[in-house]
Amino acid sequence: MRFGALIWANLLRKKVRLLLTLGSFAVALFLFAFLAVVRYAFTGGAELADARRLVTINRTSIIQPIPLSYRDKILGIPGVRRVTHDNWFGGVYQEEKNFFPQFVIDPENQREVYPELIVPDDQWNAFLKDRQGAIAGAATVKRFGWKIGDRIPIKTTLYGGGAWEFNLDGIYHGKRRQDDESQFWFQWDYFEERAPDHFKGLIGWYAIQLDSPDSAVRVGKTIDADFMNSPYETKTETESAFAQGWVKQFGNIEFLILVIGSVVFFTLLLVTGNTMAISVRERTSELAILKAIGFKDGSVLFLVLAESLTIALCGAILGLGMAELAMPVLSDALSGMLPNLVLSKAMLAAGLGFAMFVGACSGILPGLGAMRLRVVEAFRRI
């Protein structure tokens, strides 16, 4: 109890300074949480990728199509369980700013290849019966206030341009919080019916479900070898590798976040370290008295470190709490620009650990100085 009383008394001695230091921690931890979430939004696709899925695209570029006729040959390769295909549509809803990913899907195999994206059976059956039917992710539905039965016009400059009309027959949800719920799906038959003649019979990419992850390398090499020297050569890789390659097109996001995080760390370390150094310097006489009445060097070090760690802990809780409350708002505001922004328990734990590490680093040098303080010299300065 005596240590607790001393710690709180020393912390509350300079209330304005305490509030400013807590604010520094809170802002730094809020920024830390936001950077962690953004990093995961860009790279999480690789971490969430199913090890049993491959992606086959045109060897030249993903924007170049490949024939639908490749599907049957791919299905005949040992180790392949199912194959589905997708096309990028690239439209907008009402205004240019209302962008979200739209895909032309193969309704026969979509749910089997992507079992983590859940659509209720009755909604899926209604979608299958409706040539102009569509399935939208829960995040997109919430963003625009749609409901099942709505007529959705999507304008596109591709595939002949103009507005395509869809009936919203279902809403999908991800099994995990991190799953992308921003997509919009519609049927291949409707797309094939309206697509320009030069694009008929062509698809954007294949998603291939394997019997076992162990066969991924063999199946990928077999697919690419089968279509080598054809007009549409292919490139096949695991879903994880495909997601990583997609992120790299945006630049080195991880390096940028690491640089910003490092600046935050050193700035916070300097602010907190300077605060603790001033606090110890102001209490030189008190520390000398504590030593004179029997406090050991270790106890004095403990007091200084405890103050620093308490500030770090309180600031971290405040900053991470603000981030937890703000993340849904930020996610809604950035919907369509970034995938799901999810502040996971692992990120919260990392943020708390980061704060405690900074607190320990900023308190150790002033603490060691206080521990080595000689009583006679301290009283001489008074």
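1. Gln94 lies in the loop that connects β3 and β4. In this predicted model, the phi angle of Gln94 is near 70°, a positive value in a residue other than glycine. Gln94 counts as partly exposed because its relative accessibility is 48%, which falls between the limits of 20% for buried and 50% for exposed.

2. A second residue may be read alongside Gln94. Asn229 also has a positive phi, about 70°, although it is not a glycine. Asn229 is located in the loop between α8 (216–226) and β12 (234–238). With a relative accessible area of 70%, Asn229 is exposed, because the limit for that class is over 50%.

3. The strand before the loop of Gln94 deserves a closer look. Strand β3 covers residues 80–88 and pairs with strand β11 (residues 205–210) in the antiparallel sense, over 6 bridges. Within this pairing, Thr84 stands opposite Ala207 of β11. Strand β3 is also joined to strand β4 (residues 102–105) by 3 bridges, and these two strands run antiparallel as well. Here Asp86 of β3 is placed opposite Ile105 of β4. In a regular strand, side chains alternate between the two faces of the sheet.

4. The next point concerns the protein overall. The protein contains 14 helices and 12 strands. Of its 382 residues, 49% count as buried. Among contacts between residues at least 6 apart in sequence, 79% join residues that are at least 24 apart.

5. The nonpolar interior can be described through its cores. The largest nonpolar core has 41 residues, and those with the most contacts inside it are Trp146, Phe184, Phe186, Phe191, Tyr206 and Ile208. Strand β8 gives the most to this core, with 4 residues. A second, separate core has 33 residues, including Val37, Tyr40, Val264 and Phe354.

6. Which residues are in contact with Phe184, leaving aside its neighbours within four places in sequence? Several aromatic residues are among them, namely Phe100, Phe103, Trp146 and Phe166. The list also holds Pro101, Gln102, Ala134, Ile135, Ala136, Ile152 and Ile154.

7. Aromatic rings form a further topic. The count of aromatic pairs comes to 26. One of them is formed by Trp164 and Tyr190, whose ring centres are 5.7 Å apart and whose planes stand at 75°, so the pair is edge-to-face. This pair links distant parts of the chain, since Trp164 belongs to strand β8 and Tyr190 to helix α7 (residues 188–194), 26 residues apart. Trp164 is buried, with a relative accessible area of 0%, and Tyr190 is buried at 3%. In addition, the charged end of Arg194 sits over the ring of Trp164, at 4.5 Å from its centre.

8. Is Ser182 buried or exposed? Ser182 counts as buried because its relative accessibility is 10%, and the limit for that class is under 20%. Ser182 is placed in the loop between β8 (163–174) and β9 (184–187). The side chain of Ser182 makes a polar contact with the side chain of Asp180, at 2.6 Å. Not counting residues up to four places away in sequence, Ser182 touches Phe100, Pro101, Ala139, Thr140 and Tyr172.

9. Val264, named above in the second core, is found in helix α10 (residues 253–282). Its relative accessibility is 13%, so Val264 counts as buried. The C-alpha atoms of Val264 and Leu29 are separated by 9.0 Å, while the two residues are 235 residues apart along the chain. Apart from its neighbours within four places in sequence, Val264 is in contact with Ala28 and Leu31.

10. Gln123 offers another case of residues brought into contact across the sequence. Gln123 is located in helix α5 (residues 121–129). At 16% relative accessibility, Gln123 counts as buried. The C-alpha atoms of Gln123 and Gly170, 47 residues apart along the chain, are separated by 4.8 Å. Leaving aside its neighbours within four places in sequence, Gln123 is in contact with Ile135, Ile148, Asp169, Gly170 and Ile171.

Note on methods: Residues numbered from 1 in each chain as written. Predicted model: local features only at pLDDT ≥ 70, side-chain atom pairs only at ≥ 80, totals over all residues. Heavy atoms only, no water. Buried < 20%, exposed > 50% of the residue type's maximum accessible area, 1.4 Å probe, protein only. Polar contact = N/O pair within 3.5 Å; in protein donor to acceptor, adjacent residues only side chain to side chain. Contact = heavy atoms within 4.5 Å. Pairing = 2+ DSSP bridges. Phe/Tyr/Trp six-rings, centres within 6.5 Å; stacked < 30°, edge-to-face > 60°. Lys NZ or Arg CZ within 6 Å of the ring centre and 35° of its normal. Core = buried A, V, L, I, M, F, W, Y, C linked by side-chain atoms within 4.5 Å.
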